[in-house]
Amino acid sequence: MKKIDELIIELMKFSNKILTVNPPLSNLNSVAIFEKKHNIVLPDDYKYLLKRCNGFDLMGVTVYGFNEDNESIVNVYDFEHFEVESPQFSYLVPFSPDGGGNYYCFDTSKLSNDSCKIVFWESN
């Protein structure tokens, strides 16, 4: 997970005026519950990121963590799968919004070597 460590080192070079980094997720139990509930497996590199920082925002570029607020991968997954007119496929996990109602998603149907492809979901 060297690349994730390098990413975090680079992120931390930004001013806290434009960067918000959530504290690490201390217990991955919530991740396991989420995976079991939706019959998916999140990529290991994302789980490693959660152990280092539970999501971040850099000038509006957001990567969701397992937070207790609306900016949570859990809340966004539920909304995009159960509350919209055109729901996402069950194996897609939205982890980063583009600001226009679309998302970058993990394609968990293509999990290989504990990683998966990232796809772009256009809402309309």
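**Loops, helices and contacts, question by question**

User: Between which two strands is the loop where aspartate 114 is found?
Analyst: Heads-up first: this is a predicted model, so local features need pLDDT of at least 70 and side-chain atom pairs count only at pLDDT 80 or more, while totals for chains, interfaces and linings use all residues. Residues are numbered from 1 along each chain as its sequence is written, and side-chain values use heavy atoms, with hydrogens and water left out. Strands are DSSP runs of E with at least two residues, helices are runs of H or I with at least four, and both are numbered from the N terminus. The loop holding aspartate 114 runs between strand S5 (103-112) and strand S6 (115-121).

User: What is the phi of aspartate 114, and what is its relative accessible area?
Analyst: Aspartate 114 is not a glycine, yet its phi is positive, about 65°. The scale for exposure is: buried under 20% relative accessible area, exposed over 50%, partly exposed in between (1.4 Å probe, protein chains only). Aspartate 114 is partly exposed, because its relative accessible area is 45%.

User: Methionine 59 has a positive phi too; where is its place, and is it buried or exposed?
Analyst: The phi of methionine 59 is near 50°, and this residue is something other than glycine. Its place is in the loop between strand S2 (56-58) and strand S3 (61-63). With a relative accessible area of 61%, methionine 59 counts as exposed.

User: What is the pattern of the protein chain, read along the sequence?
Analyst: The secondary structure comes to four helices and six strands. Put in sequence order, they give α-β-α-α-β-β-α-β-β-β.

User: Which residues of helix H2 are buried, and why are they on the same side?
Analyst: H2 covers residues 29-38, and its buried residues are Val31, Phe34, Glu35 and His38. They are on the same side of H2 because they cover an arc (taken from the directions from the helix axis to the C-beta atoms) of only 95°.

User: Which exposed residues sit on the face of H2 turned away from its buried side, and what covers the buried ones?
Analyst: The face turned away from the buried side carries Ile33, Lys36 and Lys37. For the cover, a contact means heavy atoms within 4.5 Å. The cover includes helix H3 (44-52), helix H4 (73-82) and strand S4 (92-97).

User: Serine 30 lies in H2 as well; which residues does it touch?
Analyst: Serine 30 is partly exposed, at a relative accessible area of 32%. Residues up to four places away in sequence are not counted here, and what serine 30 then touches is Leu25 and Phe66.

User: Which residue follows H2, and what is its phi?
Analyst: The helix ends at residue 38. Right after H2 comes asparagine 39, with a positive phi near 55°.

User: What do the buried residues of H3 pack against?
Analyst: The residues in question are Tyr46, Lys47, Leu49 and Leu50. They cover an arc of only 155° around the axis, which puts them on the same side of H3. Their packing partners are helix H1 (2-11), H2, S2, S3, H4 and S5.

User: How many Å apart are proline 23 and asparagine 54, C-alpha to C-alpha?
Analyst: Proline 23 lies in the loop between strand S1 (19-21) and H2, and its relative accessible area of 60% makes it exposed. Leaving aside neighbours within four places in sequence, proline 23 is in contact with Cys53 and Asn54. Proline 23 and asparagine 54 are 31 residues apart in sequence, and in space their C-alpha separation is 5.7 Å.

User: Which residues is threonine 108 in contact with, leaving aside its neighbours within four places in sequence?
Analyst: Threonine 108 is found in strand S5 and counts as buried at 12% relative accessibility. Its C-alpha is 5.2 Å from that of tyrosine 91, with the two positions 17 residues apart in sequence terms. The full contact list reads Ile40, Val41, Tyr91 and Val93.

User: What is the radius of gyration of the protein chain?
Analyst: The C-alpha trace spans about 40 × 30 × 25 Å along its principal axes. The radius is taken over C-alpha atoms, and the globule rule is 2.2 Å times the number of residues to the power 0.38. For 124 residues a compact globule would come out near 14 Å, and the protein chain agrees, with 14 Å.
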